[in-house]
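Trainee: I should like a close look at the cysteines of this chain and their bonding. Please set them in the context of the model's confidence and its enclosed spaces.

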Amino acid sequence: MFILGRRHLLLFCLLLGCVTAESIIATVGEDVTLICNYNAKYYGKLSTCWGRGAIPNSGCANEVIKSDGTSVISRLSERYLFRGNVGEGDVSLTIRQVEEGDSGTYGCRVEIPGWFNDHKHQLTLTVVAVRPNALKVEPREVKERTVTVRWTPVFDGGKPITAYRIDLKNKQASWDTAVTTEVSNPELTQLTLVDLRPAKTYNLRMFAINSVGMSEASNVLTVTTKEAAPEGPPLDMQLEALTPHSIKVTWKPPRLDQRNGVLRSYSISYREYDSTGSQFKRWQHVSVTATRELESVILSNLKPSARYGVIIQAKTNAGIGPPSTAPLCSTLDEVHTTSTASTITSTSTAAITWIHDTTSLTSVHTTSTIETVTAATVWGESTTSVTSGNSTLNSVPPDPPVVELKEVKDNTISLVWTPGFEGDSPITGYYLECKAVNASWDYRKTVVDFSSNQTEATIIEINPSTYNIRMFAKNSLGTSTASNVLTITTVEAGHPKGDLPATISTDTHAAANVEESHSGHLAAIVVPVVLVVLVVAIVTTWQLRRIKQKKGSLNMWLTNGALRYRGSESLQEL
C-alpha cells in the first residue's frame, strides 16, 4: 500500500502540478461563468488558456479561448469570453446562453514560469433542459361567436415545443370548470376558438409543452364577445280585445340565454285579416322600448269586429330576433255595449320575409314610439334582384378556394385551402362559415375572417358536434361563390371516439334552404326525390364507364378525410 503524507503530497503537487476540480449544474439558455484566478501582483501578467476535456501535460486540449495576460488573443466562438479583469488575474470563462451540448469537462491552465509550476483548474459543467417560458397571449379579433388569439414564440427550454394547451372558462367560474384543448402543432402562432356565446365574458390562458414539462400559465386574457341578434322569440304573448277599436298586447322577454346581449326594444307588427283569414292587408308597426320583464302595448284606431294578427320581435344593437305570434284576435262588436274580452296565448314562428312599403301609425300608448312602416310579411317565396347602372361587364369576382381537412383531433380542426382564380382584382381575404349539419346556411353559427396570405388555420370547436364548413374569397369587386362544403365531426378532448371521418362535398355552392311544408304534401315530396336519386345513380355509373373507356382509369381516395382524385377527367362532370 502506498501512503502519501502531507509533506510528500506538497512535494508531489510541486513536481507534477495539482489539479483542483468542481462541478457546476446550469440550465439551457443561461450565461455560465467558470471561475479561474491567479495572483497577478505576485506573478505578473501570465498567459492563460481554457480547453474542453482533461488538462494535458502542456497547453489546453480543444482550446476555446486564450489570453496573453493582457487581452484575448484567440477564441473558438463569440459565446466564450472573459468578463473579469484579465490584467489583475481574473481569467474566469463565461459561456453565453449554454446549450445541452456545452456539457462536459473544462480545464483552465495558467502558465507560471518554471517546471511544474502551472496552475490548473478543472470543472465539470452539466447543462439540463427545462420547461418552456410562459407565453404572452393577446387578442387578434373578437366577434359574436369567435375569438382569435395570437402569441410570440418563446424560449423552448432547450427542448422543442411539441404542443400548446388552451384553457377557456366563463369569467365568473373557476379554472376547474375550464374547457381544455391541447393542439399538437408547435408551429402555430395564432388560433381561433369558435362556437362561443354572444355578449359573454370569457377568461383564456395558454401553456407551452416540451418533453421536460409544461410552462407556467400565460397571462390571463379576458374577452367579451360581441352582441348578436336574439335567438329566441318573446315569450307568453297574449292578445286581449279591449274595445271595438283597441287590442292589448302583453309579452315577456326571450329566454335569458337566447337574448345575445342587452335588449333595446321590441318591434310589434300587426295587420287586419278578412273574415276568412285568407286575405290580409299591409303590416303596421310600433316600436316599444325594452324596460321590464312584463311588457305591454295597446293597439288603437282599429276597426270594430275585425280580425287582427300580431307578431313581436326583440331587438339588440346587433339586430332583430325571430317573431312570437298568436292566433288572430277580433276587436269587439260596436253594436254591443258589453262584451267578454278574449285572451289568446302565443306560439312562435320560424322566419319572416320582408317587402318594402310605406304606411305609418299613430299610437296613444305612452310607452310606444311612432315609426314608418318599412316592411311587410309575405308568407310565400320572394325573389330579389338588384341591377346597378354603373356595373362593368368585366368586373369579375374571385373563384372560391378549395378547402381540405388537414386534421381533426378531439375538438380541434386544422384546415388548409388552395386559392382559386383571383378575378379582375387581387384577393383581399377569405372568410369561413360554420353551421350545424342539420341547419340552414341562413342560421350559420360562425363567421371567421382570414387575411389574403393565409392558406391554413386551426379552429377549436368549443361544443363538439357535427358541422358544415365552407369558405369564400373576397376582392375589391365582390365575393366568390361558396367553396366545397366540409362535414366534420368533433368530440370532447380526451373522449374516446370511433371512426368519424370528415367528408368533403363536391357541391361548390352553398346548400339550398328547404322551406317547411304541410304534412299532407310529404308523399308528394318523397316520391320525386327517390326518382331523382335513382336517375343520378344511373347517370353517374354511365359517366364512370365512359371516363374509364376514354382515359383508362379514375382513382379516388380519402386523405385526412378529404376526397381527392387522379385522372384526366374532372369530377365536375360526374
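Mentor: What follows treats confidence, then the cysteines, then the cavities and one arginine.

This is a predicted model, in which local features need pLDDT of at least 70 and side-chain atom pairs count only at pLDDT 80 or more, while totals for chains, interfaces and linings use all residues. Residues are numbered from 1 along each chain as its sequence is written, and side-chain values use heavy atoms, with hydrogens and water left out.

The protein chain has a mean pLDDT (the predictor's confidence in each residue, from 0 to 100) of 77, and 71% of its residues reach 70 or more. In residues 1-17 the pLDDT is below 50, and this stretch has 11 contacts (heavy atoms within 4.5 Å) beyond near neighbours in sequence. Residues 336-393 also have pLDDT below 50, with 115 contacts beyond near neighbours in sequence. Predicted coordinates should not be read in detail where pLDDT is low.

With a disulfide taken as a pair of cysteine sulfur atoms within 2.5 Å, the count comes to 2. One joins cysteine 36 to cysteine 108, with an S to S distance of 2.1 Å. The link of cysteine 36 and cysteine 108 is left-handed, with -70 degrees about the S-S bond. Cysteine 36 lies in the loop between strand 2 (32-34) and helix 2 (40-43), and cysteine 108 in strand 8 (residues 104-110), so the pair ties together parts 72 residues apart in sequence. Helices (H or I, at least four residues) and strands (E, at least two) are DSSP runs, numbered from the N terminus. Both cysteine 36 and cysteine 108 are buried, a term that means under 20% relative accessible area, against over 50% for exposed and partly exposed in between (1.4 Å probe, protein chains only).

The other disulfide is formed by cysteine 49 and cysteine 60, whose sulfur atoms are 1.9 Å apart. Its torsion about the S-S bond is about 80 degrees, so the disulfide of cysteine 49 and cysteine 60 is right-handed. Because cysteine 49 lies in strand 3 (residues 48-52) and cysteine 60 in the loop between strand 3 and strand 4 (63-67), the pair ties together parts that are 11 residues apart in sequence. Cysteine 49 and cysteine 60 are both buried.

Two further cysteines deserve mention. Cysteine 329 is buried at a relative accessible area of 1%, and cysteine 434 is buried at 3% relative accessibility.

Cysteine 434 leads to the enclosed spaces, since it is among the residues lining the second largest cavity, which include Val194, Ile413, Leu432, Ile459, Glu461, Tyr467 and Ile469. Strand 32 (427-436), strand 34 (456-461) and strand 35 (466-475) each give two or more residues to this lining. The second largest cavity has a volume of about 40 Å³, and its lining divides into 7 nonpolar, no polar and 1 charged residues. On a 1 Å grid over the protein atoms alone, a cavity is a set of points where a 1.4 Å probe fits but cannot get out, with lining residues having an atom within 4 Å of a point. Ala, Val, Leu, Ile, Met, Phe, Trp, Tyr, Cys and Pro count as nonpolar, Asp, Glu, Lys and Arg as charged, and the others, Gly among them, as polar.

Finally, arginine 205, in strand 15 (residues 201-209), is buried with a relative accessible area of 16%.

Definitions and conventions:
1 Å grid on protein atoms, 1.4 Å probe; cavity = no way out; pocket = protein on both sides within 12 Å on 5 of 7 lines; lining within 4 Å. Points joined across faces, edges and corners; volume = space filled by probe spheres on them.
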